[in-house]
Amino acid sequence: MSDELKLIAPTVELEESYRSYVAEVREADALFVPWVLGFNADEFPALIARLHEASEGRGIPKTFVPHTTFWTIDASGQIIGVANIRHELNENLLLEGGHIGYSIRPSLRGRGLATRQLALAVAEAGRRGIQRVLVVCERDNSASARVIAKNGGRLAGEVTSEETGKMMQRYWIEL
Ligand SMILES: CC(C)(COP(=O)(O)OP(=O)(O)OC[C@H]1O[C@@H](n2cnc3c(N)ncnc32)[C@H](O)[C@@H]1OP(=O)(O)O)[C@@H](O)C(=O)NCCC(=O)NCCS
């Protein structure tokens with residue numbers, strides 16, 4: 001694997017890499033993070049269209065905000081991570097969703113990739129006019145807490161998730 005990482009828009013060309021990513025996540029994790037990994041991918045072009053539409057605020061539930069999904073690729077073009085940026089915060093996101101959700105391909109974890117991916121995603125949020133980035137993780141997700149702290153995240157408090165009942169930590173990253 002090469003050293004270079006890049007965020008790209010989802011594309012039909014990377015169907016195989018995406019499917020293997022989702023398969024690894026399904027196997028390794030109890031749930032899909034970021035949540036868009038759970039979108040139906042039976043018709044791959046439809047999935048890509050859905051992700052692009054969500055980025056423009058189309059085809060999303062009324063209570064959702066526009067969100068952009070990036071695939072993080074290495075120099076070989078393999079998808080090594082996925083990040084989802086919420087363009088703004090609604091009440092729920094302000095509390096426990098935050099601006100950015102992300103994961104790293106399970107077979108490539110523990111190499112510093114999440115730290116680098118979050119840096120790229122935060123820069124992307126900045127380009128979209130977000131000056132303070134909220135990132136939320138479960139208190140017992142120490143790897144994610146490290147990733148956020150290494151990107152300048154400052155703990156702003158803890159809340160109990162209404163969805164899962166788990167204790168969540170809220171971090172702000174100032175650009
Ligand atoms: C959390 C996650 C993104 C971390 O990805 P990663 O590429 O392994 O993270 P990094 O290699 O950049 O490691 C970041 C830090 O966490 C530490 N770390 C990695 N795995 C760890 C683990 N299982 N337990 C404790 N610390 C861990 C690393 O040592 C590193 O800290 P250090 O720099 O002080 O050594 C990845 O485990 C993942 O995709 N998890 C499932 C989805 C998820 O939880 N997303 C976050 C939602 S908020």
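Before opening the helix entries I noted that angles run from 0 to 180 degrees between N-to-C directions, with axes fitted to C-alpha atoms. With that in hand I looked at helix 5 (residues 142-150) in this predicted model, and I found that helix 5 lies across strand 5 and strand 7, running at about 160° to strand 5.

Entry on the sheet under helix 5. I looked up the strand order and found an open sheet of three strands, ordered 5-7-6, with antiparallel pairing. Strand 5 (132-138) and strand 6 (154-160) are the edges here, and because each has a single partner strand, one side of each is left without a neighbour in the sheet. I noted that neighbouring strands of this sheet are turned by 25° against each other on average, direction ignored. Between strand 5 and strand 7 (residues 167-174), which run antiparallel, I found seven bridges, and I noted Glu138 opposite Met168 of strand 7.

Entry on the four-stranded sheet. This open sheet has the order 1-2-3-4, and its pairing is antiparallel. I checked the edges, where strand 1 (6-8) and strand 4 (100-104) each have a single partner strand, so that one side of each is left without a neighbour in the sheet. From one strand to the next the twist averages 25°. I then followed strand 2 (residues 67-73), which is joined by seven bridges to strand 3 (residues 79-86), the two running antiparallel; Trp71 has Val82 in strand 3 as its bridge partner. Lastly I looked for what packs on this sheet and found helix 4 (residues 113-127), which touches strand 1, strand 2, strand 3 and strand 4, its direction making about 150° with that of strand 4.

Terms used:
Residues are numbered from 1 along each chain as its sequence is written. This is a predicted model: local features need pLDDT of at least 70, side-chain atom pairs count only at pLDDT 80 or more; totals for chains, interfaces and linings use all residues. Two strands pair if DSSP finds at least two bridges between them. Two residues are in contact if their C-beta atoms, placed from the backbone, lie within 7 Å.
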